Amino acid sequence: MTARRLLPLVLALCLLLAGCGARENSAAFYAMSTYMTIRAWDADDALLRRAEETVAELEQRLSVTREDSELAVLNRTGTVRLSADGAALLRRALALCAATDGALDLSVYPVVRAWGFTTQDYRVPDAAELDALLARVDYTRVTLEDDGTVTVPAGMELDLGAVAKGWAGDRLAQLLRDGGVTSAILSLGGNVQTVGARPDGDAWNVAVRDPSGEGMLGVVRAADEAVVTSGGYERYFVDDAGVVRWHIMDPATGYPARSGLVSVTVVGAEGVVCDALSTALFVMGAERAEDYWRAHRDFECLLVTEDGALLLTPGLAARFTPADGLSYEVRVIADA
Amino acid sequence: MLKTKTWVAALVALAAVLAVLALALRHARAPGTVVEVVQDGVVLRTIDLARVTEAYSFTVTSADGGSNVVLVEPGRIRVSSADCPDQICVQRGWLSDQAAPVVCLPHRLALRLRGETAADAVAG
């Protein structure tokens with residue numbers, strides 16, 4: 001009698017303990033010019049191999065620097081029919097360019113190249129050269145048809161670099177979920193993508209790099225979300241006049257964005273949105289970024305200003321822990 | 001029948017011990033020396049008291065203009081002065097207990113101890 005009554009309890013305890021034993025598996029590889037790592041619980045080797053192949057396929061199709069990629073063909077000939085994947089990403093990215101009023105512009109690529117960021121052969125283009133290049137920058141002149149055919153005006157070139165890693169994170173998260181994984185964390189060269197929460201049920205602790213050094217600003221707790229940071233410190237050079245020139249371009253001026261921000265972190269459900277917004281908000285500067293957040297509110301962000309302030313949306317402030325001895329002034333962005 | 005009962009009892013005992021162990025391990029974070037300075041639910045600063053070598057102080061200003069001066073010394077922290085009406089935070093003295101943070105209710109400020117957290121990944 002007692003034994004029968006206790007049996008369900010025993011089974012429940014066994015299940016509980018089995019849950020504690022989820023097995024960690026991991027993969028690390030280079031893709032999209034970065035180092036990527038995946039830590040997933042209860043994922044077999046085949047699933048992680050599929051993840052690696054998925055990124056390689058995306059890169060093969062969409063990298064602007066691969067001569068045979070769909071994007072390279074577009075930039076050479078002015079038109080191409082994109083794969084379903086490429087078309088979906090481009091459609092999403094163009095919508096984000098419009099939403100950010102051009103603070104993100106996929107067609108700024110010729111300007112980025114003129115500054116030498118594609119080859120690391122850095123130089124400062126003169127005003128006349130930039131004016132000529134800026135005449136070719138305008139995402140609104142890109143046409144994308146329902147069948148995936150994209151056409152750009154003569155001289156325009158597109159680059160999906162500002163959204164590709166975020167998109168890849170979304171794709172990989174979905175691949176892992178479809179494979180039955182409920183707990184995983186992916187690092188795609190500075191983009192963090194999480195699947196579910198940690199195996200112990202707590203949220204993932206995602207540290208955010210301090211733009212002024214090797215340390216961390218603090219830790220953001222995240223679950224089923226992407227955490228993406230854009231910072232001037234990632235890629236830059238110092239010109240002959242001693243001015244720091246970083247890779248994040250202001251599409252309106254053709255110069256590296258000097259908006260008063262040095263780092264922007266965006267937390268949200270979709271990696272592609274976080275990736276696009278981390279760049280766009282950086283270009284906008286604190287004031288416009290705060291307005292953008294108040295108008296949309298479907299993401300959280302952390303802005304670091306040149307003068308040492310750390311601005312957080314209220315929702316992020318509640319799950320952000322500053323690092324020991326952080327010297328920044330922490331401020332919460334006004335709700336209205 | 002007795003045999004079954006014994007087995008079940010043994011299994012239950014074993015499972016219970018393992019479950020308690022698992023939970024204990026999960027929550028076994030050192031009481032720690034890390035203090036959070038929290039205002040209105042927002043962590044403004046995190047300070048590891050074990051790494052403080054020289055005393056210093058800083059002022060926290062609340063939304064309505066009130067201020068608390070926080071004094072940090074090697075291994076300990078307190079509110080040293082404040083312009084709040086009740087002065088409870090100042091009278092509390094040094095923060096000593098994880099379960100009892102030093103609180104300034106009028107200014108919605110708290111000093112609290114926490115355990116260590118290690119990051120799972122780094123963005124940026």
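The following dialogue discusses how several descriptions of this predicted model are justified.

Biologist: What makes chain A as compact as a globular protein of its length?

Modeller: Chain A contains 10 helices and 17 strands. Its radius of gyration is 22 Å, and the globule rule gives 20 Å for 336 residues; the two values are close, so chain A is as compact as a globular protein of that length. Along the principal axes, the C-alpha trace of chain A spans about 90 × 50 × 35 Å.

Biologist: How many of the residues of chain A count as buried?

Modeller: Of its 336 residues, 46% are counted as buried. As for contacts in chain A between residues at least 6 apart in sequence, 57% of them join residues at least 24 apart.

Biologist: Why is helix 2 of chain A called roughly perpendicular to helix 4 of chain A?

Modeller: The axes of helix 2 (residues 45–62) and helix 4 (residues 84–99) of chain A cross at roughly 75 degrees and come within 10 Å. Angles of 65 to 115 degrees count as roughly perpendicular, and therefore helix 2 of chain A is described in that way relative to helix 4 of chain A.

Biologist: Which residues make this contact between helix 2 and helix 4 of chain A?

Modeller: Helix 2 of chain A contributes A:Leu58, A:Arg61 and A:Leu62, while helix 4 of chain A contributes A:Asp85, A:Gly86 and A:Leu89. By class, three residues of the contact are nonpolar, one is polar and two are charged.

Biologist: What makes strand 2 and strand 6 of chain B edge strands?

Modeller: The open sheet in chain B has four strands in the order 2-1-7-6, with antiparallel pairing. Strand 2 (42–48) and strand 6 (102–104) of chain B each pair on one side only, and they are the edge strands. From one strand to the next, the twist averages 20 degrees.

Biologist: How do you know that strand 1 and strand 2 of chain B pair?

Modeller: Pairing requires at least two bridges. Six bridges join strand 1 (residues 34–39) of chain B to strand 2 of chain B, and these strands run antiparallel; the requirement is therefore met. B:Glu36 stands opposite B:Thr46 of strand 2 of chain B.

Biologist: Why does B:Leu44 count as buried?

Modeller: B:Leu44 lies in strand 2 of chain B. The cut-off for a buried residue is 20 or more other C-beta atoms within 10 Å; B:Leu44 has 21 such neighbours and therefore counts as buried. Apart from neighbours within four places in sequence, B:Leu44 is in contact with A:Val330, B:Val37, B:Val38, B:Gln39 and B:Val60.

Note on methods:
Residues are numbered from 1 along each chain as its sequence is written. Chains are lettered from A and ligands numbered from 1 in the order in which they are written. This is a predicted model: local features need pLDDT of at least 70, side-chain atom pairs count only at pLDDT 80 or more; totals for chains, interfaces and linings use all residues. Helices (H or I, at least four residues) and strands (E, at least two) are DSSP runs, numbered from the N terminus. The radius of gyration is taken over C-alpha atoms; the globule rule is 2.2 Å times the number of residues to the power 0.38. A residue is buried if 20 or more other C-beta atoms lie within 10 Å of its own, exposed if 12 or fewer, and partly exposed in between; C-beta atoms are placed from the backbone. Two residues are in contact if their C-beta atoms, placed from the backbone, lie within 7 Å. Axes are lines fitted to C-alpha atoms, for helices over the stretch in contact, and angles run from 0 to 180 degrees between N-to-C directions. Angles under 35 degrees count as roughly parallel, over 145 as roughly antiparallel, 65 to 115 as roughly perpendicular and the rest as oblique. Ala, Val, Leu, Ile, Met, Phe, Trp, Tyr, Cys and Pro count as nonpolar, Asp, Glu, Lys and Arg as charged, and the others, Gly among them, as polar.
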